[in-house]
Amino acid sequence: MKVAVCINHVPDTETKIKVSSDGVTIDKTGVNYMLSPYDEVAIEEGLRIKERFKGEVTALSLGGDAHKETLRKALAMGVDKAVLLKDDSVRDSFAVAAGLAAELKSLSPDIVLFGKQSIDYDDAQVGTLVAEMLGMPSAAVVVKMDVQEGKVVCEREIEGGHEVVETKLPAAFLAQKGLNEPRYPSLKGIMAAKNKSIEEKPAAAAEVRVETTALKKPTPKNAGKILGTDKSVVPELIRLLHEEAKVI
Amino acid sequence: MSKVLAFAELRDNKFKKSSFETVKAARGVADKLGAEFAALVIGSGIEGVAMELGNYGAARVVAVDEASLASHSNTAYAKIIAEVAKKEGASLVFLPASQMGKDLAPRVGVKLEAGVACDCVALSVADGDVVGTRPVYAGKGLVDVRVKTAIKVFTLRPNVFTVKPEEGTATVEKASVPLTDADFGSVVKEVKVAEGRPDVTEADIVVSGGRGLKGPEHFHLIEELADVLGGGVGASRAVVDAGWRPHDEQVGQTGKTVSPSMYVACGISGAVQHLAGMSSSKYIVAINKDKDAPIFQVADYGIAGDVFEVLPELTAQLKKTLEK
């Protein structure tokens, strides 16, 4: 089984957003980056598929040199190969997907895994775009995967429940938290990752279809009132919810 | 002349509320552009239900009604939407940013050589073009986006574009798109509906618990208040990571983003990741012992008290009030 995992390097969840002077991107000063959390779940799933069926797991990331840090983490977790599709320009989801799809075409994996979304732009598009570009079926927001002969039976989250989806291979899957519990890289894994090389190649050029014209901070909510410190203010709260907020 | 097409999602041959929102908002854009408008429904045995979209601004509904489409298939549905958009000559295609819509829109975009602006929370029309506004970094930021391709696809976040039905009639036209086995690469075999409470992303009221509950055994306090209000149950990342609650209840940056009418945060301090996922709620109530907790900076109404004392009292009194 040949598995590819596409991963992204994103500002960590503690990051407070400041708009940079260009008005469309975040100020990167002091921002720490991490492997996008859902992508970590995708890597883990790839490793489990390999442990069950043998084969090879390749991690791919499209972006600048900083993405090597995230690819290094994938190697430490146990992927066999890491490929950086180098590109420093600002791409939208379509252009990222096109760059990944071009590389995946020559890799021809049986299963391509993604996180359900990157936690920076939250676009939740790249995995499904890649699948469509490669003419593959896909399932998104996957919380359970059972790989069988020529197909995968998986469960994905929908509003108020789960869908059981049968998907013919080769196919792409977008991982949701809960699919597995990602392993911590072992000390041995971390040491081994240091000696593995990251293959670098320029990312295939692609058009940007969605242009960001402004980045803003949402209007901050005005802090309301603290009504009190014990249950004696419950009637007042209920009155406000009924008369002022009109939510009950 | 441009033309606007809106896809309305059916589950069990019933429209999702987000579909009404999408149809109505897309119709609004069509009116501003002076464009024609049609809605699209896909499924099996749907001609009757399709009429309902007349109450949401669709005078014309295209229905692709085939027995083979009774079970959802993202590959087949995407092909149908793209083919109908081409036949109709649509230059703008709208879908709800529901789990189904988010799964279809990228495929539709590739098929139509279109860019997709996903999860929009606002739309504006300027110079004959549509600008979408969408949250990034789980709502810590908002971006304005323009789609540069000839055909443009937008998905709209549920629960944001509010609608009320207004009596109207729709003409339903049947259309068919030839499909082969190859179009059904991915097919839904079964839908497992979670029993009981509404999903946090769809609930009008969400009651969430955090570490202040001190243990999973105390979450019945959250559930009881949610049930009195007919709301959904949410949780902070801390308690999901601790295994007290399932992943699908997590609200925040690596969980669900919610925007209910009322969000009740109980024993949640309000880490930046949590605030990102819920601060667009219309009204926020916070109950937390620590009066300096960041949750009070976004709360409309706060009680800086013991959640074990306040919560049962609130539940009991609300129950009495609502029974009246």
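Two strands count as paired here if DSSP finds at least two bridges between them. Keep that in mind as we walk through this predicted model, starting in chain B with one such pair. Strand β5 (residues 60-65) of chain B runs parallel to β12(B), and four bridges link the two. If you want a spot to click on, try B:Arg60, which sits opposite B:Thr171 in β12(B).

Now zoom out to the sheet around that pair. Chain B has an open sheet of seven strands with parallel pairing, and reading across it you get β7-β11-β6-β1-β4-β5-β12. The edges belong to β7 (115-120) and β12 (171-174) of chain B; each has a single partner strand, so one side of each has no neighbour in the sheet. On average, neighbouring strands here are turned by 25 degrees against each other, ignoring direction. Helix α1 (residues 17-33) of chain B packs on this sheet, where it touches β1 (3-7), β4 (36-43), β6 (92-96) and β11 (152-156) of chain B. The direction of α1 makes about 155 degrees with that of β6(B).

What about the overall layout of chain B? The domain assignment splits chain B into domain 1 (3-183) and domain 2 (205-323). Their C-alpha centres are 33 Å apart. Six residues from domain 1 of chain B and seven residues from domain 2 of chain B make up the contact between them. On the domain 1 side, that comes to three nonpolar, two polar and one charged.

Next, look at where the chains meet. On the chain B side 72 residues are in contact with 65 residues of chain A. Sort the chain B side by class and you find 32 nonpolar, 22 polar and 18 charged residues. Strand pairing crosses between the chains too: strand β12 (residues 210-216) of chain A and strand β10 (residues 141-147) of chain B are antiparallel partners over six bridges. To find your place, look for A:Thr212, opposite B:Val145 in β10(B).

There is also a sheet that draws on both chains. It is open, has 10 strands with mixed pairing, and follows the order β11(A)-β5(A)-β4(A)-β1(A)-β6(A)-β10(A)-β7(A)-β8(A)-β9(A)-β13(B). Which strands stand at the edges? They are β11 (198-202) of chain A and β13 (186-193) of chain B, each with a single partner strand, so one side of each is left without a neighbour in the sheet. Neighbouring strands are turned by 30 degrees against each other on average, again ignoring direction.

Within that sheet, strand β1 (residues 2-6) of chain A and strand β4 (residues 56-63) of chain A run parallel, joined by five bridges. Here A:Cys6 is opposite A:Leu60 in β4(A). Helix α3(A) packs on the sheet, touching β1, β4, β5 (81-86) and β6 (111-115) of chain A, and its direction makes about 150 degrees with that of β4(A).

That helix has a helical partner as well. Helix α3 (residues 93-107) of chain A packs with helix α4 (residues 126-133) of chain A at an angle of about 50 degrees, with the axes 9 Å apart. Because of that angle, α3(A) is oblique to α4(A). Their crossing is right-handed. Residues of α3(A) in this contact include A:Phe94, A:Val96, A:Leu100 and A:Leu104, while α4(A) brings A:Val126, A:Leu129, A:Val130 and A:Met133. By class, the contact has 11 nonpolar, one polar and no charged residues.

Note on methods: Residues numbered from 1 in each chain as written. Chains lettered and ligands numbered in written order. Predicted model: local features only at pLDDT ≥ 70, side-chain atom pairs only at ≥ 80, totals over all residues. Axes fitted to C-alpha atoms, helices over the stretch in contact; angles between N-to-C directions. Parallel < 35°, antiparallel > 145°, perpendicular 65-115°, else oblique. Left-handed = near helix turned anticlockwise from the far one by under 90°. Contact = placed C-beta atoms within 7 Å. Nonpolar A, V, L, I, M, F, W, Y, C, P; charged D, E, K, R; others polar. Domains from an automatic or database assignment.
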